[in-house]
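Subject: Structure handover

Hello,

Here is the structure for your files. My notes on it come after the entry.

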Amino acid sequence: MRMPGELSPMASSFLDAKVSAANVVQPGEQGEYTPEMFWQDFPQFTKTIPSEDEGEEIKESLVPETMLLQFIGQANDSVLPSRWGSMWRYAAGLYVAHFAALYLKSYSSGSDSATQAASGADQIGVVRSASMGDTSISYDNSAINAGTQKWGTWNATQYGSQLSTMARMVGMGGMYAI
């Protein structure tokens, strides 16, 4: 007879199986995505600067280091290898690319006024119509607005759209095919 509070000899095996089956995030689990991985996977976020040494080039990030490290930290906290498996690296990169692209859409090295600073953050949808005489352009923001109802800003970039599509697959339960 076991004493109150004493665990069954099978308890540890049961708890290990329960954690694995429930897909429960383990305390402290994080990804290990790095700036080097990001620049390798998404070179469009770098620019090439000719070096003084003949034949050498220097790659420079287009995203300020503090912001890039912030986005990578968020990705490592949010896109967990245990859930994403072989898709993890690409998913983490898409996460970083999405936020980097959103950041760069409103980036400026400085502004002359608050109005100028705020204007860089305007949501712009797909051009619905354009005119030539007296110049007129109208935008269709319905795709952005509809997309943000369930997935926030993930539909505001191609990177976010890809990541949200992959997340739906990762979030699905098991599949059975006959």
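The notes below cover aromatic pairs and one helix.

Please keep in mind that this is a predicted model.

Aromatic pairs

Searching the whole structure gives 12 aromatic pairs. One of them is Y95 with F99: the ring centres are 5.0 Å apart and the planes stand at 45°, so this pair is tilted. Both residues belong to helix α5 (residues 88-105), where they are four residues apart, about one turn of the helix. An α-helix has 3.6 residues a turn, so residues three or four places apart point the same way. Y95 has a relative accessibility of 10%, and because buried means under 20%, Y95 counts as buried.

F99 also pairs with W154. Here the ring centres are 5.3 Å apart and the planes are at 80°, so the pair is edge-to-face. This contact links distant parts of the chain, since F99 sits in helix α5 and W154 in the loop between α7 (142-151) and α8 (158-171), 55 residues apart. Through ring pairs, F71, Y95, F99, Y103, Y107 and W154 are linked into a cluster.

Helix α8

What span should the 14 residues of α8 have at 1.5 Å a residue? The expected value is 20 Å, and the end C-alpha atoms of α8 are 20 Å apart, which agrees.

The buried residues in α8 include Y159, G160, L163, S164 and M166. These five cover an arc of only 165° around the axis, which puts them on the same side of α8.

Regards

How values were computed:
Residues numbered from 1 in each chain as written. Predicted model: local features only at pLDDT ≥ 70, side-chain atom pairs only at ≥ 80, totals over all residues. Heavy atoms only, no water. Phe/Tyr/Trp six-rings, centres within 6.5 Å; stacked < 30°, edge-to-face > 60°. Helix = DSSP H or I, 4+ residues; strand = E, 2+ residues; numbered from the N terminus. Buried < 20%, exposed > 50% of the residue type's maximum accessible area, 1.4 Å probe, protein only. Expected span 1.5 Å × (residues − 1). Arc of directions from axis to C-beta.
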